[in-house]
Amino acid sequence: MEPLLQHLERFSEVLAVSRTTHVSTWDPATVRRALQWARYLRHIHKRFGRHARISKALERRLQNQWKQPGDSGPAPAPGLANFQALGHCDQLLSLRLLANPALGDASFHYLLQQLFPGPGVPDAEEETLQGSLARLARRRAAIHMLRFNAYGENPVLQEDSLMKTQAELLLRRLQEVGEAEAGGSGRLLSSLWERSPQNNFLKVVAAALLLPPSSPRPQEEELELGSPRTPGEEGQELLRWLLGKSDVMVAFCRSLPAGLLTSVAGRHPELSRVYLGLLTDWGRQLRYSLQKGLWIGTESQDVPWEELLSRFQSLCQAPPPLKDEVFTALKSCKAQDGDFEVPGLSIWTDLLLSLGSSA
């Protein structure tokens with residue numbers, strides 16, 4: 001028991017140090033050993049989580065570690081705060097290191113590779129660090145990381161700061177892979193789509209497409225790398241990959257909330273045209289039911305009328321030119337469908353009536 005307690009104390013100290021300037025001396029091997037140590041303690045949590053006597057003893061040791069002489073209340077915990085923290089100590093360590101500007105470039109890149117390992121790299125752990133960080137994001141345990149960034153023009157991004165973090169890491173990883181190997185960015189994205197939780201991945205892609213273009217590199221860095229990349233090029237590569245994958249694009253437009261898609265469409269005209277084309281295709285699949293008095297799908301995968309209307313309403317609330325393009329497309333479909341004015345004969349007439357437009 002005592003060796004385990006000592007392990008716990010030493011790692012708690014490592015976790016506390018991860019927030020300081022001392023990490024400037026950490027090389028990738030040091031970071032790797034720290035993560036391996038954290039994963040070992042995560043297994044300890046999994047093994048002893050239901051043993052009340054052992055877990056209480058471990059938690060008592062942690063609480064006493066940071067207690068100052070004469071303190072009567074709970075001690076501040078720059079390291080591990082309690083036994084439950086063992087269950088995600090590798091995530092906490094990674095997030096603290098990523099947020100620490102003192103971490104060296106080589107160690108930072110090593111952490112990025114753990115988050116986005118790239119195609120063909122087998123997972124050494126039963127749960128990847130990328131997946132565990134995604135779970136941590138849903139618990140909002142690291143929103144403090146990017147509070148100093150002000151993306152006021154994108155309220156959608158403000159709702160989840162850690163999603164912004166993942167988006168920035170994705171673009172940085174695309175930059176590294178693209179510089180190292182021709183076509184590497186596309187292979188990385190395809191691998192992430194196949195191996196990651198797909199709904200979370202699509203949200204990260206949307207967040208990345210909403211980020212402002214990156215600033216130019218310093219001249220010294222351009223000389224080291226040989227051929228400088230244009231600011232925002234990673235976002236354009238991401239957009240090209242998305243538009244070139246029809247199955248991913250359909251999932252992107254069907255799975256994500258209407259407001260988020262409207263924000264992305266407003267930033268990227270190429271994507272807005274594809275999105276609008278999918279919406280009109282989905283509208284053509286609906287048939288009017290005289291019995292129910294509404295538009296219904298004939299197949300289970302058809303988009304319901306309510307969802308279709310909601311997505312068009314969101315687009316029509318966007319500023320020009322997107323709003324104008326949407327109304328133009330709807331009026332064109334209405335004209336091709338017979339230019340009816342009576343409800344129930346053309347879905348485009350009913351959409352325009354619901355949207356408050358005079359056709």
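Biologist: Let's start with Thr280: where is this residue found?

Modeller: Thr280 sits in helix α15. Bear in mind that we're looking at a predicted model.

Biologist: Okay, and why does Thr280 count as buried?

Modeller: Its relative accessibility is 8%, and buried means under 20%. The value falls under that cut-off, so Thr280 is called buried.

Biologist: Which residues does Thr280 touch, leaving out those up to four places away in sequence?

Modeller: Thr280 touches Cys333 and Trp348. Trp348 takes us to another helix, α18, where this residue is one of the buried ones.

Biologist: What makes you say that α18 is largely enclosed by the rest of the structure?

Modeller: Just count: six of the eight residues of α18 are buried, so the helix is largely enclosed. Those buried residues are Ile347, Trp348, Thr349, Asp350, Leu351 and Leu352.

Biologist: What do the buried residues of α18 pack against?

Modeller: They pack against the helices α15, α16 and α17, plus the strands β1 and β2.

Biologist: Leu353 lies in α18 too. Is Leu353 buried, partly exposed or exposed, and how do you know?

Modeller: Leu353 has a relative accessible area of 46%. Buried needs under 20% and exposed needs over 50%. The value lies in between, so Leu353 is partly exposed. Setting aside neighbours within four places in sequence, Leu353 is in contact with Glu341 and Pro343. Pro343 is ten residues away along the chain, and the C-alpha atoms of Leu353 and Pro343 are 8.3 Å apart.

Biologist: Let's go over to α16, the helix that holds Ser314. Why does Ser314 count as buried?

Modeller: Same recipe! Ser314 has 14% relative accessibility, and the limit is under 20%, so Ser314 counts as buried. Not counting residues up to four places away in sequence, Ser314 touches Ala258, Gly259 and Thr262.

Biologist: How many disulfides does a search of the whole structure find?

Modeller: Zero. To count, a pair of cysteine sulfur atoms has to be within 2.5 Å, and the search turns up no disulfide.

Biologist: What about Cys89 and Cys316: are they buried or exposed?

Modeller: Cys89 has a relative accessible area of 0%, so Cys89 is buried. Cys316 is at 9%, so Cys316 is buried as well.

Biologist: Now some helix pairs. Why is α10 called roughly perpendicular to α13?

Modeller: The axes of α10 and α13 come within 10 Å and cross at roughly 85°. Roughly perpendicular covers 65 to 115 degrees. The crossing angle falls in that range, so α10 is roughly perpendicular to α13.

Biologist: Which residues meet there?

Modeller: From α10, Asn199, Leu202, Val205, Ala206 and Leu209; from α13, Val248, Ala251, Phe252 and Ser255. The residues of this contact split into seven nonpolar, two polar and no charged.

Biologist: And what makes α9 oblique to α10?

Modeller: Their axes are 8 Å apart, and the helices pack at about 140°. Roughly perpendicular runs from 65 to 115 degrees, and roughly antiparallel needs over 145. An angle of about 140° fits neither, so α9 is oblique to α10. Leu189, Leu192 and Trp193 of α9 meet Gln198, Phe201 and Leu202 of α10. That contact has five nonpolar residues, one polar and no charged.

Biologist: Which residues touch the most other members of the largest nonpolar core?

Modeller: In this core of 61 residues, they are Leu209, Leu242, Phe252, Leu271, Leu308, Phe312 and Leu351. The largest share of the core, nine residues, comes from α10. A second, separate core has 26 residues, including Leu35 and Leu103.

Biologist: Last stop, the loops. What is unusual about Asp339, in the loop between α17 and α18?

Modeller: Most residues other than glycine have a negative phi, and most peptide bonds are trans. Asp339 isn't a glycine, yet its phi is positive, near 55°. Asp339 is partly exposed, at 42% relative accessibility.

Biologist: What kind of peptide bond joins Pro320 and Pro321?

Modeller: A cis one, with omega at about 5°. Pro321 is in the loop between α16 and α17.

Conventions:
Residues numbered from 1 in each chain as written. Predicted model: local features only at pLDDT ≥ 70, side-chain atom pairs only at ≥ 80, totals over all residues. Heavy atoms only, no water. Axes fitted to C-alpha atoms, helices over the stretch in contact; angles between N-to-C directions. Helix = DSSP H or I, 4+ residues; strand = E, 2+ residues; numbered from the N terminus. Parallel < 35°, antiparallel > 145°, perpendicular 65-115°, else oblique. Contact = heavy atoms within 4.5 Å. Nonpolar A, V, L, I, M, F, W, Y, C, P; charged D, E, K, R; others polar. Buried < 20%, exposed > 50% of the residue type's maximum accessible area, 1.4 Å probe, protein only. Core = buried A, V, L, I, M, F, W, Y, C linked by side-chain atoms within 4.5 Å.
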